[in-house]
Amino acid sequence: MGHIVVEAAEALLDKEIPVLDHGFVRLVDYLGGDARIVQSARVSYGAGTKTFRQDRGLIHYLLKNAHTSPFEQVQLTFHTKMPIFVARQWVRHRTARLNEISGRYSVMKDEFYLPLPEHVSYQSESNKQGRAGALPPDEAEAVIQTLKAEQVAAYASYEKMIEQGVARELARTNLPISLYTEWYWQIDLHNLFHFLRLRLDGHAQYEIRVYAEAMAQCAKAVAPIAFEAFEEHLVGSVDFSRSECAALAARLRGEPIQLEGKALERFEAKLAHMLAANAPDDAPEEPQLPV
Ligand SMILES: Cc1cc2nc3c(=O)[nH]c(=O)nc-3n(C[C@H](O)[C@H](O)[C@H](O)COP(=O)(O)OP(=O)(O)OC[C@H]3O[C@@H](n4cnc5c(N)ncnc54)[C@H](O)[C@@H]3O)c2cc1C
């Protein structure tokens, strides 16, 4: 089997999926798909593609059992545009190749991220890296105007220095991290799943999560069965530590559990998350396990 063409991925190629106020995710190219995963997994046996059912079963088996290398045979190249503070989180994922616009070479565009009023939230008390509850609309609007005024002032100074002939690499240094940047980013499907698992999660910052959602849409188009397996075995699963397993067993036996403090809070949060994710449509909002 030569070059693999996936119709759903072809339909997405070169289309900008808008993200935030000025950003986007664009699938530039892809290599392989579900068929390549199956083909490369079966090469060790010398057996070719079997029925759809067997191929689907194989992909689920591989993902469930962390036989990750066949997923590395599938590659995706994205062109994305995002605020610099999002790029800083994104770049921590080292298993990709990237080329970013150079602020030394190019004059940066006057494009800054401004949150929507409903995303202007208070600092969470319980999660030092999180938000909790939106500000009242008039206060949110005032915050947005403050952010905007500082962006306008910073860009005006930048433009002035550029006109004056100051080196672009210096003139840019006071531009805020809400400024948009762009890059080409290429990653294999195994490592994209790792990225998505971390950045689709509710603990990830909203502004990177929306990019993860757009890239998940592309991954699903390129390799729908692998994506289904990813959702089944990774996104939809919950990890329990050894002591949490002991606590779960005790809870199911109706015995008191040994966890306390933060450990107990984390355990209860996992159970609540699991119950909420699997609640029947007519269930009460926050179902509890029998204690
Ligand atoms: C919600 C959230 C909050 C975070 N908060 C912070 C924070 O406060 N401060 C902070 O600094 N970071 C923070 N991070 C970043 C985090 O620590 C990781 O750097 C980031 O998620 C990338 O994960 P990774 O290293 O597994 O991914 P990748 O770099 O894509 O690596 C994938 C896997 O490859 C292997 N690998 C890759 N490169 C190497 C290497 N050189 N040596 C050995 N193994 C390697 C590792 O097994 C790794 O898990 C946060 C991430 C998330 C999702």
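The paragraphs below lead through a predicted model of a protein, beginning with its overall make-up and ending with a few residues in its loops.

The protein has 291 residues, of which 24% count as buried, and its chain forms 12 helices and 7 strands. Measured out along its principal axes, the C-alpha trace spans about 70 × 55 × 35 Å. When contacts between residues at least 6 apart in sequence are considered, 70% of them join residues that are at least 24 apart.

A good place to start is the interior. In soluble globular proteins, nonpolar side chains tend to be buried together. In this model the largest nonpolar core has 49 residues, and those with the most contacts inside it are Leu76, Tyr211, Met215, Ala219 and Ala226. The element that gives the most to this core is helix 9, residues 206–222, with 11 residues. Ala226 shows how residues from separate parts of the sequence come together, for if its neighbours within four places in sequence are left aside, Ala226 is in contact with Asp34, Ile37, Ile59, Leu63, Phe71 and Leu189.

Several of these residues belong to helices that pack against each other. Two packed helices are described by the angle between their axes and the distance between the axes. Helix 8, residues 189–199, and helix 9 pack with their axes 9 Å apart and at an angle of about 145°, and helix 8 passes helix 9 in a left-handed crossing. On the side of helix 8 the residues that meet helix 9 are Leu189, Leu192, Leu196 and Arg199, while helix 9 brings Ile208, Arg209, Ala212, Met215, Ala216 and Ala219 to the contact. Sorted by class, the residues of this contact are 8 nonpolar, no polar and 2 charged.

Helix 8 also packs against helix 10, residues 224–235, where the two axes come within 11 Å and cross at roughly 45°. An angle of 65 to 115 degrees would count as roughly perpendicular and one under 35 degrees as roughly parallel, and helix 8 and helix 10 are therefore described as oblique to each other. The crossing in which helix 8 passes helix 10 is right-handed. Here Leu189, Phe193 and Arg197 of helix 8 make the contact with Ala226, Phe230, Leu234 and Val235 of helix 10, and these residues divide into 6 nonpolar, no polar and 1 charged. Leu189 thus takes part in the contact of helix 8 with helix 9 as well as in the contact of helix 8 with helix 10.

Turning to an earlier part of the chain, helix 2, residues 34–42, has as its buried residues Asp34, Arg36, Ile37, Val38 and Ala41. What covers these buried residues includes helix 3 (52–64), helix 4 (69–72) and helix 10. The axes of helix 2 and helix 3 come within 10 Å and cross at roughly 75°, so the two helices are roughly perpendicular to each other. Asp34, Ile37, Val38 and Ala41 of helix 2 make this contact with Asp55, Leu58, Ile59 and Leu62 of helix 3, and the residues involved divide into 6 nonpolar, no polar and 2 charged.

The loops complete the tour. Asp14, in the loop between helix 1 (7–12) and strand 1 (16–19), has a positive phi of about 65° although it is not a glycine. Leu20, in the loop between strand 1 and strand 2 (23–31), likewise has a positive phi, near 55°, in a residue other than glycine. Are these two residues buried or exposed? Asp14 has 10 C-beta neighbours inside 10 Å and therefore counts as exposed, whereas Leu20 has 20 such neighbours and so counts as buried.

Pro117 lies in the loop between strand 4 (96–100) and strand 5 (121–123), and it is partly exposed because 16 other C-beta atoms lie within 10 Å. Apart from its neighbours within four places in sequence, Pro117 is in contact with Pro137, Ala140, Glu141 and Ile144. Pro117 and Pro137 are 20 residues apart in sequence, and their C-alpha atoms are 6.5 Å apart in space. Finally, Asn127 lies in the loop between strand 5 and strand 6 (131–134), and with 11 C-beta neighbours inside 10 Å it counts as exposed.

Terms used. Residues are numbered from 1 along each chain as its sequence is written. This is a predicted model: local features need pLDDT of at least 70, side-chain atom pairs count only at pLDDT 80 or more; totals for chains, interfaces and linings use all residues. A nonpolar core is a set of buried Ala, Val, Leu, Ile, Met, Phe, Trp, Tyr and Cys residues joined through C-beta atoms within 7 Å. A residue is buried if 20 or more other C-beta atoms lie within 10 Å of its own, exposed if 12 or fewer, and partly exposed in between; C-beta atoms are placed from the backbone. Helices (H or I, at least four residues) and strands (E, at least two) are DSSP runs, numbered from the N terminus. Two residues are in contact if their C-beta atoms, placed from the backbone, lie within 7 Å. Axes are lines fitted to C-alpha atoms, for helices over the stretch in contact, and angles run from 0 to 180 degrees between N-to-C directions. Angles under 35 degrees count as roughly parallel, over 145 as roughly antiparallel, 65 to 115 as roughly perpendicular and the rest as oblique. A crossing is left-handed if the near helix is turned anticlockwise from the far one by less than a right angle, and right-handed if clockwise. Ala, Val, Leu, Ile, Met, Phe, Trp, Tyr, Cys and Pro count as nonpolar, Asp, Glu, Lys and Arg as charged, and the others, Gly among them, as polar.
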